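Visitor: I would like a close look at one part of this model, with its surroundings explained as we go. Could you walk me through it?

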Amino acid sequence: EVQLVESGGGLVQAGGSLRLSCAASGFPFDDYAVGWFRQAPGKEREGVSCILVSDGMTDYADSVKGRFTISSDNAKKMVYLQMNRLTPEDTAVYYCAAVPTMGTHICPHYAITMDYWGKGTLVTVSS
């Protein structure tokens, strides 16, 4: 069974940091792209960052570039999202999602392209 389990969310003051973790199991990790998405109340689910596990290629939404860093530990089948200089605009439920690369070298950014999803972890940034 494919499973993606997020952890690390919580309440943090503006300007602070959090590190989210995504534990993956049940699929060939190295053949997948993994992305972090977020959904704030009243907003669409948006792509935050993604990584091609096989070679480490990453990409970020403009809103988080320079503040967030995605990484993976392939041996542990873990993906992380280090979030720095958080603002209230970052408040959302953050989801880990995965999709096969199918031999491409494209980092996914759209929720509809993802096959597997975690249940999310809530990040609340207060001001």
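Visitor: Is K65 buried, partly exposed or exposed, and what is its relative accessibility?

Guide: Happy to take you there, and please keep in mind that this is a predicted model. K65 counts as partly exposed, because its relative accessibility is 46%, and the cut-offs put partly exposed between 20% and 50%. You will find K65 in the loop that runs between strand 6 (58-60) and strand 7 (68-73). Leaving aside residues up to four places away in sequence, K65 touches D59 and Y60. For a sense of distance, take D30: this residue is 35 residues from K65 along the chain, and the two C-alpha atoms are separated by 25 Å.

From K65, let us turn to the aromatic rings. Searching the whole structure gives six aromatic pairs. One of them joins F27 and Y116: with ring centres 6.2 Å apart and planes at 15°, the pair counts as stacked, because planes under 30 degrees apart meet that cut-off. This pair links distant parts of the chain, since F27 belongs to the loop between strand 3 (18-25) and strand 4 (32-39), while Y116 belongs to strand 10 (residues 116-117), 89 residues apart. The two partners also fall into separate accessibility classes: F27 is buried at 7% relative accessibility, whereas Y116 is partly exposed at 29%. Both rings take part in one aromatic cluster, which is formed by F27, F29, Y32 and Y116.

Another pair is made by Y95 and W117, and here the arrangement is edge-to-face, with 6.2 Å from centre to centre and 80° between the planes. Y95 lies in strand 9 (residues 92-100) and W117 in strand 10, so the pair ties together parts that are 22 residues apart in sequence. Y95 is buried, with a relative accessible area of 13%, while W117 counts as partly exposed at 27% relative accessibility.

A charged residue joins these two rings. The charged end of R45 sits over the ring of Y95, at 3.8 Å from the ring centre. R45 also lies over the face of W117, where the distance to the ring centre is 4.8 Å. If you colour this part of the model by residue, then, R45 can be picked out over Y95 and over W117, with the edge-to-face contact of the two rings beside your selection.

Note on methods. Residues numbered from 1 in each chain as written. Predicted model: local features only at pLDDT ≥ 70, side-chain atom pairs only at ≥ 80, totals over all residues. Heavy atoms only, no water. Phe/Tyr/Trp six-rings, centres within 6.5 Å; stacked < 30°, edge-to-face > 60°. Helix = DSSP H or I, 4+ residues; strand = E, 2+ residues; numbered from the N terminus. Buried < 20%, exposed > 50% of the residue type's maximum accessible area, 1.4 Å probe, protein only. Lys NZ or Arg CZ within 6 Å of the ring centre and 35° of its normal. Contact = heavy atoms within 4.5 Å.
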